[in-house]
Amino acid sequence: MNRLIHYSLVLFVIAAAAAGLLSLVHMVTSEKIAESDKIIETQARKAVLPKAIRFNEDKMIKSDEFEYVPGYDSEGKKTGYVVSVDTPGYGPSIKFVAGISVEGKITGIRITDASKETPGLGSKITDLAWQKNWKGRDINYEFRKETDAFAGATVSPYGVYKGIKKALNGFEAIKGGAE
């Protein structure tokens, strides 16, 4: 019986040390990860709404699950909105930033995280050439498997489409207040 108690205590000490070390690593890295995510999002915003030189978080408009942040050009004129989207794909989620013109057309999308999509298939959504195909599309656009998907992979591209569609629907709901 003493042996069982001894091994249990040793195991407990090892587990506690491992948990403490993991907690410490999390504390040290979480701030840097958050900074890195912010940089990625800022770069994506500039890429999807290229006419904007600044974004005003204070004038953000919320609609359902989305936050639409206006972008302004050098003369202070609103060029459109950026919105971060988290949508289901083949993996648990695909994250991207979309730019929407004041007229309600996609000015660009930039995938920021699709790490769980199938390598070589669904992960093709990270290709910039594919992402550029969404530019100019609006709420009336319907997904076309033959042009919007890849051979052997439709779930990830369709997931992006559904995310874009939801973001555009949300934008239509707030469009009057967004002028």
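Okay, let's start at V28, which sits in helix α1, the helix covering residues 2-48. One thing before we go on: what we have on screen is a predicted model.

So, is V28 buried or exposed? Its relative accessibility is 53%, and exposed means over 50%, so V28 counts as exposed. And V28 has company: together with L21, L24, V25 and M27, V28 forms a nonpolar patch on the surface. Taken together, those residues have about 490 Å² of accessible area.

Now let's hop over to the strands. Look for β5, which is residues 94-101. How many of its eight residues are buried? Seven of them, so I'd call β5 mostly covered, and that wording comes straight from the count.

Who are the partners of β5? On one side of the story there's β4, residues 78-87, and β4 and β5 run antiparallel with eight bridges joining them. If you want a spot to find that pairing by eye, take T87, which stands opposite I94 in β5. Getting from β4 to β5 takes a hairpin, with six residues making the connection.

Then comes β6, residues 106-113, which also pairs with β5 in the antiparallel sense, this time over six bridges. Here the pair to click on is F96 and I111: F96 stands opposite I111, and I111 belongs to β6. The hairpin of β5 and β6 has four residues between the strands. Which residue there takes a positive phi? That's G104, with a phi near 95°.

A quick bit of background while we're on strands: in a regular strand, side chains alternate between the two faces of the sheet.

Right, last stop, helix α2, which is residues 128-132. I like this helix for teaching, since two of its residues make a nice contrast. W130 is found in α2, and K132 has its place there as well. W130 has a relative accessibility of 7%, and buried means under 20%, so W130 counts as buried. K132, on the other hand, is exposed, with a relative accessible area of 59%.

Let's follow each of them outward. For W130, have a look at D148: the two are 18 residues apart in sequence, and their C-alpha atoms are 8.1 Å apart in space. For K132, where does it belong on the surface? K132 is part of a positive surface patch, formed along with K51, K77 and K135.

So to recap the patches: the one with V28 is nonpolar, and the one with K132 is positive. That's my tour, thanks everyone!

Methods. Residues numbered from 1 in each chain as written. Predicted model: local features only at pLDDT ≥ 70, side-chain atom pairs only at ≥ 80, totals over all residues. Heavy atoms only, no water. Patch = residues over 30% accessible without salt bridge, like charges linked within 9 Å, V, L, I, M, F, W, Y side chains within 5 Å. Areas by Shrake-Rupley, 256 points an atom, 1.4 Å probe, with all protein chains shown as cover. Salt bridge = Lys/Arg side-chain N within 4 Å of Asp/Glu carboxyl O. Lys, Arg positive; Asp, Glu negative; His and termini not counted. Charge placed at Lys NZ, Arg CZ, Asp CG, Glu CD. Helix = DSSP H or I, 4+ residues; strand = E, 2+ residues; numbered from the N terminus. Buried < 20%, exposed > 50% of the residue type's maximum accessible area, 1.4 Å probe, protein only. Pairing = 2+ DSSP bridges.
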